[in-house]
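Me: I would like to learn how to read domains and the contacts they make. Can we go through an example?

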Amino acid sequence: MKTIFDRPPREGVGGLFPEPDVPTRDLEDLIDRTLLRVDSPRIPNLSEPTVARHYTALSKLNYGVDDGLYPLGSCTMKHNPKVNEDLSRLPGLTGVHPHADAGLAQGTLALLYELSELLGGIAGLPGVSLQPVAGAHGELTGMFLFKRYFEGRAEPARRRILLPDSAHGTNPASAAVAGFSVTEIPSNDAGMVDLAALDAALDETVAGIMLTVPNTLGIFEEGILEVTGKVHAAGGLCYFDGANLNAFLGRARPGDMGADVFHFNLHKTLSTPHGGGGPGSGPIAVSDALVDFLPVPSIERDDGRYVLGWDRPRSIGSVHSFYGNVLVAVKAYAYLLQLGDEGLRAVSEDAVLNANYLQERLKRTYVLPYDRLCKHEFVLSGKGLAEGISTLDVAKRLIDYGLHPPTIYFPLIVREALMIEPTETEGKEDLDRFVDAMERIAAEARERPELLREAPHRAPVRRLDQTRAARDPVLTYPFDERAEG
Amino acid sequence: MRYLPHSAADRREMLAAIGLSSVDELFADIPRAVSEAFRLLGLSPRSEQEVVAELTGLAARNRAPEKICFAGGGIYDHYVPSLVGHVLSRSEFYTAYTPYQPEVSQGTLTAMFEFQTLVCELTGMDAANASLYDGATALAEAVLMAERVRSRGRVAVARSLFANVRRVLDTYCWASGIEVVEVPHLPSGRCDLSDVPEDVSAVVLQSPNAFGVIESLEGVKDRIGDALLVVSVHPISLGVLAPPGEFGTDAVVGEGQPLGLPMSFGGPLLGLFATRKEHLRQMPGRVSGRTVDAEGKTGYTMAAQTREQHIRRERATSNICTNSALCALAATAYVASVGADGLRRVAELNVEKAHYLADRIAGIDGFDFPFSGPFFNEFVVRVPGDANDLHRELLEAGYLVESPDSLRVYGVENGLRVAVTERRTRKELDRLVEALGGSR
């Protein structure tokens, strides 16, 4: 893969910026010489056609949702509506400086306020902050709120966070960054929180629990009310990771399940694109107990005007430079307006229908460790397909069939996991094509295993050496190599 | 609903295949008490056309875009070349996930690798990550990294950080039990390093700082013992200013918005993070690394993942997962479009225009400059009379300047912070001077 640094360093350039229209002076007359750069950065000067072709060529090496099925479990890779992209580029929205007075940003503030109201309604919780810009950022903010809550109650001993062993890896990391220690709670045979183990872990050092509903096996925690009830009774708080909201949108609310904090992933459930790894948005909704601690500024309505609220003396402070990822919020708001209540319910219905359909068809060929009704996703195991064949081989072979692989090796409690989330925006034909490919791959695993082990064969590159990238990291362009070569 | 491809017949057929007779059976595992408590939003679905009308109307209620922008404070009204938007519109880029499957993500991974290289070239550092959320969280992450390296439980932070950045840093430090010691500033506006405590994990500076003043990094590293030096920068300023890496800086962070992102009321933004080789294993965030495929061909993959939460869980260097990948792509396309020469050009235009305006304001009676240090594209001016009144008058006259409140936290009364980018024309600068009471 060529990078821009492999291009000839000098082409026809210029013309982007106007000639100075103010009297020019020597830079050294304005800024002391010792503060100025001596060597130019090694960045090539390229013509527009070169740059345009370079990034178009790079884009063609990528696979996005517009290219086909993208069944990454826990990632909710649904279609990203085109109109949302257009709306987020409206100059009236992009041209607002964040230090502009609230009076000059009434349109954006109204939108953010209304979105917050809708998110609060979906969560069934009274307080919302749009500041967190990713799921893990929402988790971290939630953990900050836990911390402040126990500070306020003078219960400094509550420093432990309970986590089911099926939790997303960000959960323990977020708890740790906020200064908590982590206690893992095992799952029972049905893939749910083991209530006896929960009882044993609960004491006055527990700050709370982080749950994912449905959990990462795609199983709805049937005892959810018991779990949250026990934690609350022990004086703890309940955090809900909202990565899997697509499973019950329009049918149930985390607030009614005992959540004290619930984070949304607008870039999962509410259709905003992932962008190859962000920008996302991870707003949080909170229970009455935590409203006072939410980040500043809040967005409030006062006599028909929208204002920024700074008067929250018990707030944790801020977690973002400004008000969160505003343009992502714009897309989510447009999506919600289009869906309405019936659309939200239709989304979860088809998401769950699609997952169960795939699960039912694929369990004939692959091991299904937890064989029961699933929600929006389910987990298979690639174990036992054929001697010497791993889940990684199956995933790479799927690429040859023109499909994106599922999430692999997660959750950690299933060996050789294949975590599959089709989302509601896949039609039956696409689902059948996926089943067909998975069945063929299972047959190939027995009959022509080298096809899997050497896969992918039809990608822009063959299987990449990850170990080498980890052992001897090359993280920037090796200019010296070019000079020598 | 047009985002759902199934026909009624498809749904019946699929339910039959599962062995169910109704969709409701799919949700039988949700406890009855939870289902019964459910409440609708009271939201009727709307057509695409209606939603476009609604949001276009909201956008039109924003008056800020009509004003001539002299606001700064971390976010600037820079010109974005057309090419950037076109690159971002490629749905192969924007509809992709984090590149967990590198063989079908070479576009994203190559661009991330380019981005890391560009950040290192600009900052003079050895390694950069593929982005963090914004400049504020990038700074907080740098402080957490310094604390992992030195474990002193204390950091020294220049008072001249942007107030919103400081607020985020304070939140992260409070949660981690890190004490923040404030470093005051000199009359020049530069921070006063004469009395920095020795037992700190990091010394944190911003340059140009909240007064627009460029800090001198020469010799700083020698004066702070083995504390890590963390510097927050404006990336375009590095088109002309010496890269902090030349002065032994341990971590360079910054807000990447000036590199091709619109202001968008402050989000999405782009956190820049670069460090020295010796701290690589403590660096937070995703990185793309070069490797080879089974046939020896060069390719890219996510590297150094053993630092990350999906492997290391509570022992990870950070909890960050999704970052600002598409914004990093925008910055990469921006820098590729302007090139080294263009970066220098645009930085020079900022310096020249900002100094032209400052010189003209200096000629107006009653205006003076509380800080004498050198500046890049932003400066503080003290105004005669009540700055709040003047601020309001400027708004009415069509000029967007930050509220004087933004400077009160530093004890600067009746001051205005004025930012000038390459987008401002001489005519606009002259008219602002006139609005301030000077001659045209």
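**Domains and contacts**

Reply: This is a predicted model. Start with the division into domains: chain A has domain 1 (66-74 + 346-463) and domain 2 (84-338).

Me: What distance separates the centres of domain 1 of chain A and domain 2 of chain A?

Reply: Taken over C-alpha atoms, the two centres are 30 Å apart. To their contact, domain 1 of chain A gives 17 residues and domain 2 of chain A gives 19 residues.

Me: Which elements supply at least two residues each to the side of domain 1 of chain A that touches domain 2 of chain A?

Reply: Those are α10 (326-362) and β10 (378-381) of chain A. The largest share is that of α10(A), with five residues. By class, this side of domain 1 of chain A holds ten nonpolar, four polar and three charged residues.

Me: How is chain B divided into domains?

Reply: Chain B consists of domain 1 (6-38), domain 2 (64-78 + 339-435) and domain 3 (82-333). The centres of domain 1 of chain B and domain 2 of chain B, over C-alpha atoms, lie 61 Å apart.

Me: How many residues does each chain bring to the contact between chain A and chain B?

Reply: In general, the size of an interface is often given as the accessible area lost when the parts come together. Here, a residue count serves: 173 residues from chain A and 171 residues from chain B. On the side of chain A that touches chain B, α10(A) provides the largest share, 22 residues. That side of chain A comprises 96 nonpolar, 48 polar and 29 charged residues.

How values were computed: Residues are numbered from 1 along each chain as its sequence is written. Chains are lettered from A and ligands numbered from 1 in the order in which they are written. This is a predicted model: local features need pLDDT of at least 70, side-chain atom pairs count only at pLDDT 80 or more; totals for chains, interfaces and linings use all residues. Domain bounds come from an automatic or database domain assignment. Two residues are in contact if their C-beta atoms, placed from the backbone, lie within 7 Å. Helices (H or I, at least four residues) and strands (E, at least two) are DSSP runs, numbered from the N terminus. Ala, Val, Leu, Ile, Met, Phe, Trp, Tyr, Cys and Pro count as nonpolar, Asp, Glu, Lys and Arg as charged, and the others, Gly among them, as polar.
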